[in-house]
Structures are given as C-alpha cells and as structure tokens.
Amino acid sequence: MPKEYKNEYQPLLAKATKDRRRPKLPNKSLLLAVCAAGIGGTFQYGYNISVINAPTAYVQDFINQTWSERYQTQISDDGLTLLWSTIVSIFTLGGLIGAMIGGTLSVRVGRKGTLLTNNIFALLAALLMGLSYPTGLFELLIIGRFISGLNAGIAICVQPLYLGEIAPTSLRGAMGMGTSIFITGGIFTGQVIGLRELLGKEEYWPILLSTTCIPAFLQLLILPWFPESPRYLLIDKGDEEGCKKALKQLHGIADCDSEQEDIEKERNSLSGLQAKKPWELFADRSLRWQVLTIMVLNAAQQLNGINAIYFYAGYVFKQSGIPSDKIPYATVGTGACECITALTCGMLIDRLGRKVLIMGGYTLMAICCVLFTLTLTFQEASPVVPYLSMVCVFAFILSFGLGPGGVTNILTTELFTQNSRPAAYMLAGSVNWSSFFFIGLVFPFIVLGLKQYCFLVFLVICCLVIIYIFLVVPETKNKTFLEIQNEFQSSKKRQIGCLDGAGTILLSTSI
C-alpha cells in the first residue's frame, strides 16, 4: 500500500480500535457466566468470613458442654478461647494452602474445571460442620473450617483469573469487579442470615454453618452451561475451534473475531514458553516490578486498616447510643455499604481507570485514619463526636470498596501474560492470606499498646502505598495484556536507566 494511503487510513484504523475498546454493555451470556463463577467462588470467601460471627456464644457453649461430658470437668477460659480462636483462624491457613494450589489446578484442569472441582471442598466442609453438633465432636468444626478456607483460597485465586480471561478488553475492569462484588455480597448475606430472625437462634447454628453448601450446589447446576476461558483454550490447549465457540457465546458473533485476534497475538508472543511456577517469577528480571507490585498491593489490602475498622465498629456503634441488641443490624449496614461501593466501582472502573480509583481509595482511607484517630481520642468531648466516629467507619469502608477492595485483583490479572498469570495469582493469594493471618495475630497487641493511635500505623501504610502506585504502576484501562506488559517493561527500564546510569540498560531501551 502506498505511503499516502497508509497515512490516510491511519486515523480510521485508530478510530476503529478505539471504538472496539470503548466500554459498552456486556453480552447477557457474559454477565451470567460472571454470576455462575462468583456464586460458588468468592461469594464463599465473604460468606464464610462473616457467617462465623453470629453463633460465637452458641458454639462456645457447645464446646463447653462437650468438654464437660467427655472429661467430667469444665474447660478453662484460656482453653475455650484457644479452641474458638483455632476454629476461626484455621480458615486462613486453609486459604493460604488453597491459594498455593489454585494456580496449578487452573493450568491442569482449566479455570472452569477448577471452579467446579472446588465445590467438593465446600460440600465436604458443610457436611462436617453440620454433623458436629449431633455427633458431639467440636473437632469437626475445626476440620470443616479448614476445608472451607481451602475452598475460599482456590476460589479467590482462580475466579479472578477466569473473569479476567473471559471479558473483552473494554469490559475487563467491570467484569473483574465481579470478584469484589461477590465477596461483599457473601459478607452481607452471611450477616443477614445470621440475624436472630433467620438462622441466628441457638438451635439453628449447625444449619447456619452448613448453609455453605447452597452456593456450591448452585454453581454445580449453572456453571457447566458456560464455556472454559477462551484464552486457556487457545493459548494453553491450542483449541482454536473451542476458543472461537467460547468467544461467540460470551461476546456475541460481532465481537468474537477481534478478541480472537488479540488472543492470537498473545499466543504468538508466548510461543514455545511453558507456564511459569511461582518461584520462577522471581528469577525473571523482566517481571520483577510486576511481582513487587502485586506483593505490595495484596499485602496492603489486608494491612491498610480495614480489619481494624470492623474491630472498632461495635464499640463505635455502642458509643453512639445504639442498643447492644441492635448492633448486629448496624453491622449489616456496613456489609450493605461495601456491596454498594463494589457495584459503584464496577460502573466507574472502565471510565476513570484503575490507577485513579486505587489511589483515590487509599487517599480517602488515609484521611479517614486521621479523622478516626481524632474522634476516638476526643470521644467524651461532645455528644456529637461518637456520631462523627460512625461517619468515619462508613467513610473508610466506602473508600476501601471504591479502590483497594476491587482494583487489586484486577491488576493482578492485567500485569501478567498467560504463561505467568496463574503463578502470579498463587503468589498474590499467598501474600494476601499470610497478611490476613499476620494482622489477625498481631492486631490485638497493636490495639493493646497503641489503642486508638493504631490508626496512625495504617495511615503510614496507606501513604506509602499511594506513593508506590503513583511512581510505579501504569494505567491499564482499555489496553491488551501485551500492551500493558510492553508499557510496564519500557517505563521501568527507563526509570532504572535514569537511576543506575547503567549503559547496557540504556542501550536496550534505545533499541
């Protein structure tokens, strides 16, 4: 083609590409696939975190009674606290192991195949926890919670992987927010079902803990009707026909060719490369900034103070004059607040971009840390102050849901290509669950030592993360995985070249 014609058609080609990547309404089949993946995926994670809170006193009474019948003596307060803490916290150990094996399973049996297989753990956990009371074995609660954690760890590793790979480039952010939406939906559902009007009474607690089987059954019924990840089919399995069929079902006939073209480009660039193991990510110098980024963001997601806010929520509600028996309803309000912000983030993410939302979320959280420290310090100064503390609680939760709560998982998908993405999720999940366990272990001591000033620690963490994102993380909105990879590498090479003055790096950048 002559040069003048190329120049003439260049704007038209650019416009066509821009139109293709402009956010539009998703295909109905794509939305249903997201729901099918989420209901038995990260919904279980959120549900199992919140549902254990309602029957706390009843489960402790059951342990006390069982111990007395077995050993003809009362269990000590320390022993009871230890057993209850084990039941609650062993969920995180299961989650950590689940995250470690989730990526490997997703490569071997596929993203959809792993999600379906994962329901075995949810059903087994529900059975064990449901049988604990009639059999008089509180040990079944410990095993059941561990298996629930295993299920949640695999789900939170594989579901974002599946959603990121089935979504078109223009809707990848919104569809990826399905992970966060279903986590918050699970938390909210667990809070509602745990109310006394539903299954929150003493005689219902075994049924309450075994309701985790319901989402598993729903996913087993619905997900088989939807296809495997098109990227997995083409890049990992070489199934061109299966990929095209999946794209037609998920994106519609009109858009499937352009998406397949993007997947073909990625496959060609990865030709001859095998799926990486998590430890191989550290050895690959071209991925070191991406690896550092997901480690920082996933650790910060747990260490940014959101757990502290929930710890103080009950105290704040009580100080605000809410009767003790009504506090569970106020707590449900925090769950509803998270759901609303996750949905809002889903609508905004493909318009404002990932970087704006996550930096904005951390900035608002930093401001809330300062205000919450002040309101807790001067709690007795005025009758108005407790209400200001309540506003800070909801503002912090809104800020978390608007940025860090949803965007972190999406960035883990977008910063890596097909051969390194499962390993990246294994690494990100391991860091996230380890941080979750660490903050659960250390936070009571932080509160004991610093009291309300503990939020100054979280303020520092939020500020450091804001600086890191501003300097290191590129905007990924409306970019293919290859474009993101190339931009990340080129920008980091330039930065390293400027900092180190390394001639070889400068040379490779110019080439």
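User: What makes the contact between the side chains of Arg-267 and Glu-240 a salt bridge?

Analyst: In this predicted model, the side chains of Arg-267 and Glu-240 come to 3.3 Å, N to O. The criterion asks for a side-chain nitrogen of Lys or Arg within 4 Å of a carboxyl oxygen of Asp or Glu, so the pair qualifies. The bridge links distant parts of the chain, with Arg-267 in helix 14 (residues 253-269) and Glu-240 in helix 13 (residues 240-251), 27 residues apart.

User: Why are Arg-267 and Glu-240 called partly exposed?

Analyst: Arg-267 has a relative accessible area of 22%, and Glu-240 has one of 42%. Buried means under 20% and exposed means over 50%, so both residues fall in between.

User: How do you know that Glu-261 and Lys-265 form a salt bridge?

Analyst: Their closest N and O atoms are 3.8 Å apart. The limit is 4 Å, and therefore the pair counts. Glu-261 and Lys-265 are separated by about one helical turn because they lie 4 residues apart in helix 14. Both are partly exposed, Glu-261 with a relative accessible area of 45% and Lys-265 with 46%.

User: How far apart are the closest N and O atoms of Glu-264 and Arg-267, and what makes this a salt bridge?

Analyst: The closest N and O atoms of Glu-264 and Arg-267 are 3.0 Å apart, which is within 4 Å, so this is a salt bridge. Being 3 residues apart in helix 14, these two residues are also separated by about one helical turn. Elsewhere, salt bridges that share partners join Arg-172, Asp-350, Arg-354 and Glu-414 into one network. By this rule the count comes to 10 salt bridges.

User: Why is Ser-106 said to be buried or exposed, and with which residues is Ser-106 in contact?

Analyst: Ser-106, in helix 5, has 0% relative accessibility; the threshold for buried is under 20%, so Ser-106 counts as buried. Leaving aside neighbours within four places in sequence, Ser-106 is in contact with Arg-111, Thr-114, Val-158, Leu-161, Tyr-232 and Pro-422.

User: What makes Leu-93 eligible for a nonpolar patch on the surface?

Analyst: Leu-93 lies in helix 5 and has a relative accessible area of 42%. Patch residues need over 30%, so Leu-93 passes that cut-off. Leu-93, Ile-97, Met-100, Ile-101, Leu-105 and Val-109 form the patch, with about 450 Å² of accessible area together.

User: Why is Gln-72 notable in phi, and why is Gln-72 called exposed?

Analyst: Phi of Gln-72 is near 55°, a positive value in a residue other than glycine. Most residues other than glycine have a negative phi. Gln-72 sits in the loop between helix 4 (56-71) and helix 5 (77-108). With a relative accessible area of 65%, Gln-72 is above the 50% cut-off and is therefore exposed.

User: How do you know that the span of helix 9 is close to the expected one, and against which helices do its buried residues pack?

Analyst: Helix 9 (residues 178-193) has 16 residues and reaches 22 Å from its first C-alpha to its last, close to the 22 Å expected at 1.5 Å a residue. Its buried residues include Phe-182, Ile-183 and Ile-187. They pack against helix 2, helix 3 (42-51), helix 7 (139-166), helix 8 (172-176), helix 18 (327-352) and helix 21 (404-414).

User: How many helices and strands does the protein chain have, and what share of its residues count as buried?

Analyst: The protein chain has 25 helices and 0 strands. Of its 511 residues, 54% count as buried.

Note on methods:
Residues are numbered from 1 along each chain as its sequence is written. This is a predicted model: local features need pLDDT of at least 70, side-chain atom pairs count only at pLDDT 80 or more; totals for chains, interfaces and linings use all residues. Side-chain values use heavy atoms; hydrogens and water are left out. Buried means under 20% relative accessible area, exposed over 50%, partly exposed in between (1.4 Å probe, protein chains only). Patches are made of residues with over 30% relative accessible area and no salt bridge: like charges are joined within 9 Å, nonpolar side chains (Val, Leu, Ile, Met, Phe, Trp, Tyr) within 5 Å. Accessible areas come from the Shrake-Rupley method with a 1.4 Å probe; for residues, only the protein chains shown count as cover. The expected span of a helix is 1.5 Å times one less than its number of residues. Contact means heavy atoms within 4.5 Å.
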